[in-house]
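Got the model open in your viewer? Get ready to click around: each stop says what to select and what you will find there.

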Amino acid sequence: CSGNRVFISQFNGYKKDIMRNILNQTPFDWKEYFDGFRTSNKQLVDYLKNCGTGARNKHIPENFKSLSTNQLKILWRALMLGDGYIKGNSYCTISEKLCEDIIEIGLKCGFSVTSVKTKSSRENCSDYFLIYFRTSNLTFNIRSKGIQLVPYAGKVYCVEVPKYHTIIIMRNG
């Protein structure tokens, strides 16, 4: 977002075709350029500010993360059309908060998720987070209802949870 303008960058022809079809169904007047799409709408810009300003500060609003599993899968597919790699089921971002949000969405969709912070090999480029999803052959499904964050200090040696429960652990951030 810049001023009253929204930019959606996409060079990939396949993804761009899908985005064009979706954007044509919105009430906004999108203009297509070689590098993506643009529109001017103050109301849309103001709404999108809820998702953070600037690449490092992007995040997904809390109300989006509490959607139903089916709606979260739609959101996940849309995210993959943007900065994701559909073939490899991975997503890349320089925003640590967006990384955490996408991991949460992936887990709530029932995917196995891992992430890695990667140092950029290019000069003047930011470090980035790569998030990998395993979407098939899973033996579990995580439901967003009942997930709770439990702060804990100390070491965990042997974790036991009731049948059909899941524990999710984040280490080193």
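The tour goes from the whole chain to one helix, then on to some polar side chains, salt bridges and a surface patch.

**Before you start**

This is a predicted model, so local features need pLDDT of at least 70 and side-chain atom pairs count only at pLDDT 80 or more, while totals for chains, interfaces and linings use all residues. Residues are numbered from 1 along each chain as its sequence is written, and side-chain values use heavy atoms, with hydrogens and water left out.

**Stop 1: the whole chain**

Show the cartoon first. You should find five helices and seven strands; these are DSSP runs numbered from the N terminus, with helices being H or I of at least four residues and strands E of at least two. Trace the chain from the N terminus and the order reads β-α-β-β-α-α-α-β-β-α-β-β.

Now switch on the surface. The chain exposes about 12500 Å², and carbon and sulfur atoms supply 52% of that (areas come from the Shrake-Rupley method with a 1.4 Å probe; for residues, only the protein chains shown count as cover). Of the 173 residues, 27% are buried. Here buried means under 20% relative accessible area, exposed means over 50%, and partly exposed is anything in between (1.4 Å probe, protein chains only).

How much of the contact list comes from residues 24 or more positions apart? Such pairs account for 58% of the contacts with a separation of 6 or more, a contact being heavy atoms within 4.5 Å.

**Stop 2: helix H5**

Select residues 96-108, which make up helix H5. Its 13 residues should span 18 Å at 1.5 Å a residue, and the end C-alpha atoms sit 19 Å apart, which agrees; the expected span is 1.5 Å times one less than the number of residues.

Which residues of H5 are buried? Colour Leu98, Cys99, Asp101, Ile102, Ile103, Ile105, Gly106, Leu107 and Lys108. To see what the buried residues of H5 pack against, bring up helix H3 (62-65), helix H4 (69-82), strand E5 (90-93), strand E6 (112-118) and E7. Just after H5, click on Gly110, which takes a positive phi of about 90 degrees.

Stay with Lys108 for a moment. The Lys108 side chain meets that of Glu104 in a salt bridge, 2.7 Å from N to O (a salt bridge is a side-chain nitrogen of Lys or Arg within 4 Å of a carboxyl oxygen of Asp or Glu). An α-helix has 3.6 residues a turn, so residues three or four places apart point the same way. Lys108 and Glu104 are four residues apart in H5, which puts about one helical turn between them. Lys108 counts as buried at 8% relative accessibility, whereas Glu104 is partly exposed at 26%. Now add Glu62, Lys65, Lys97 and Asp101: together with Glu104 and Lys108, they are joined into one network by salt bridges that share partners.

From H5, look across to Ser66, in the loop between H3 and H4. Ser66 is exposed, at 54%. The C-alpha atoms of Ser66 and Ile105 are 8.9 Å apart, although 39 residues separate the two along the chain.

**Stop 3: two buried polar side chains**

Pick Thr93, in strand E5. Thr93 is buried, with a relative accessible area of 7%, and a polar atom of its side chain lies 3.0 Å from the backbone nitrogen of Ser95. Beyond neighbours within four places in sequence, Thr93 touches Leu98, Cys99, Tyr128, Phe129 and Ile131.

Next, select Lys15 in helix H1 (residues 13-23). Is Lys15 buried or exposed? Buried, at 9%. A polar atom of the Lys15 side chain lies 3.4 Å from the backbone oxygen of Met80.

**Stop 4: other salt bridges**

How many salt bridges does a search of the whole structure find? There are 13. One of them pairs Lys31 with Asp29, with the closest N and O atoms 3.0 Å apart; Lys31 is partly exposed at 43% and Asp29 is exposed at 52%. Another joins Asp46 and Lys49 at 3.9 Å, N to O. Asp46 is partly exposed at 34%, as is Lys49 at 46%.

**Stop 5: a nonpolar patch**

Finish with Tyr152, Val156, Val159, Val161, Ile167 and Ile169, which make a nonpolar surface patch of about 570 Å². Patches are made of residues with over 30% relative accessible area and no salt bridge; like charges are joined within 9 Å, and nonpolar side chains (Val, Leu, Ile, Met, Phe, Trp, Tyr) within 5 Å. Zoom in on Ile167, in the segment after strand E7 (128-134): Ile167 is partly exposed, at 46%.

Key
Polar contact = N/O pair within 3.5 Å; in protein donor to acceptor, adjacent residues only side chain to side chain.
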